[in-house]
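This report describes the ligand site and the empty spaces of one protein model. The sequence and structure are shown first.

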Amino acid sequence: MIYADNAATTRMSETAVNTLISVMNGNWGNPSSLYMHGQKAKETVEKAREKIAAAIGADPREIFFTSGGSEADNQAILSAVAQGKRNGRNHVISTVFEHHAVLNTLEKLKKDGCEVTLLDVYENGIVHPEDLEAAIRDTTCLVTVMYANNEIGTIQPVRELGEICRRHKVPFHVDAVQAVGHIPVDVVGDNIDMLSASAHKFHGPKGVGFIYAKKGIKLSSLIEGGAQERGKRAGTENVPGIASMAEALAESTEKMAENAQYITKLRNRLIEGLSVIPHSALNGDAERRLPGNVSFCFEGIEGESLLLLLDDRGICASSGSACTSGSLDPSHVLLSIGRVHDVAHGSLRLSIDEEITEADVDYIISSVREVVEYLRGFSPIWRDLTEGRKQFIL
Ligand SMILES: *Cc1c(COP(=O)(O)O)cnc(C)c1O
């Protein structure tokens, strides 16, 4: 099997698995218990907090553990909006192509009277900082923009956006789930006030993540209960998950530069190999994208059929995001960069990691070429296009 769907989830690293098992076996106390066995678990959680803070340039007291990226996104947004309400501010700025953990939270807030501006990301999938500057109002209580997009991999000018927010004294949240562990993230240099991350996107376990909240930012708890995480997140800590996440992140951070260089080289080989397919196009900026992200649209085919046939050949890939696949609506991300419905339906996302080899990449290229040609062979849309009843777009 060739796994090329690392944006959906990653395989746990050996270190992450070993840490998880060893904590489950020998360190299963409750961190809130006062006896030694509990305190050992508490120490494990605090060591993990230090490691995680170090990886993003934060102070350990600014890290709060959550059940993953979605919870962290929800908490960051709801906290800022609650704080805004206290200050008479109810306007939030985000982008059209955020993850649904952000977009659906904003949708819910709109029903409660919140005003939301979604910035355009243009054809290359990148926000224009001047658009943010123009959108900020006296009533803006939050700007939330993703670090890197989960479907098309484009990287946002986070530092510049953060600088604008700082100048206007507006809290800046970044969904960095696709970035942390893959590209350098520095909450101080990047002017970030709140950040979300998730372990299973950087070779850690599923169901655990964290939120960074800069000193002075007020987080509200989503869950009522005990005083864990200094009152910001009730519930007994997921000690094995937290310890395992910290090891996974430390390892990803240590190998980041080397891995990114290797993965980028193979990503570019993939892009070159797939660009040869007629009436195809790369989605998102060619340079300002995650090292491992390749996203294409092929005219005249259905992405779902392409995925099934690639699966038959042992290749795991994705069309749109895992959250939207299964629905017939085309991806909101592809629509946001101007792909029309027909074109957006023929999409393919390959997200590779350091385990992939050059031979794997060449096998993917030849498989995609063959499968696209095969599917076009009996596609009524393709026939309309080639016989001139419909205009080619790509
Ligand atoms: C995966 C992902 C999330 C959700 O994280 P979970 O830990 O799966 O809840 C949020 N945002 C982005 C950009 C993601 O890729």
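In this predicted model, the lining of the largest pocket is made up of 30 residues. H182, H203, N259, D353 and E354 are the ones that lie nearest the centre of this pocket. Its volume is about 530 Å³. By class, the lining of the largest pocket comprises 13 polar, 10 nonpolar and 7 charged residues.

Two helices, α7 (239-254) and α8 (256-275), each contribute at least two residues to the lining of the largest pocket. The largest share, 4 residues, is supplied by α8. At the level of domains, the largest pocket lies between domain 1 (14-254) and domain 2 (256-386), because both give residues to its lining.

The enclosed spaces may be considered next. Rolling a probe the size of a water molecule over the atoms reveals where empty space remains. The structure contains 3 cavities of 30 Å³ or more, and the largest cavity has a volume of about 50 Å³. Its lining is formed by A55, I56, V180, G181, I183, P184, V185, L249, T253 and M256. Of these residues, 8 are nonpolar and 2 are polar, with no charged residue present. Helices α2 (36-56) and α7 each supply at least two residues of the lining of the largest cavity. Helix α7 also gives at least two residues to the lining of the largest pocket.

The ligand is surrounded by 13 residues. Among these, S70, D175, Q178, S198 and K201 come nearest to the ligand. The shell divides into 8 polar, 3 charged and 2 nonpolar residues. Helix α3 (residues 69-86) provides the largest share of this shell, namely 3 residues.

Which side chains place a polar atom 2.7 Å, 2.8 Å or 2.9 Å from an atom of the ligand? The pairs are set out below.

| Residue (side-chain polar atom) | Ligand atom | Distance |
|---|---|---|
| D175 | nitrogen | 2.7 Å |
| K201 | oxygen | 2.8 Å |
| H200 | oxygen | 2.9 Å |

D175 thus pairs with a nitrogen atom of the ligand, whereas K201 pairs with an oxygen atom, as does the side chain of H200. On its own, the ligand has 380 Å² of accessible area, of which the protein covers 87%. D175 and K201, listed in the table, are also among the residues that come nearest to the ligand.

Notes:
Residues are numbered from 1 along each chain as its sequence is written. This is a predicted model: local features need pLDDT of at least 70, side-chain atom pairs count only at pLDDT 80 or more; totals for chains, interfaces and linings use all residues. Side-chain values use heavy atoms; hydrogens and water are left out. A residue is near a molecule or strand if one of its heavy atoms lies within 4 Å of it. A polar contact is a pair of N or O atoms within 3.5 Å; within protein, one must be able to donate a hydrogen and the other to accept it, and residues adjacent in sequence count only if both atoms are side-chain atoms. Accessible areas come from the Shrake-Rupley method with a 1.4 Å probe; for residues, only the protein chains shown count as cover. Ala, Val, Leu, Ile, Met, Phe, Trp, Tyr, Cys and Pro count as nonpolar, Asp, Glu, Lys and Arg as charged, and the others, Gly among them, as polar. On a 1 Å grid over the protein atoms alone, a cavity is a set of points where a 1.4 Å probe fits but cannot get out, and a pocket is an open set with protein on both sides within 12 Å along at least five of seven lines; lining residues have an atom within 4 Å of a point. Grid points are joined across faces, edges and corners, and a volume is the space filled by probe spheres set on the points. Domain bounds come from an automatic or database domain assignment.
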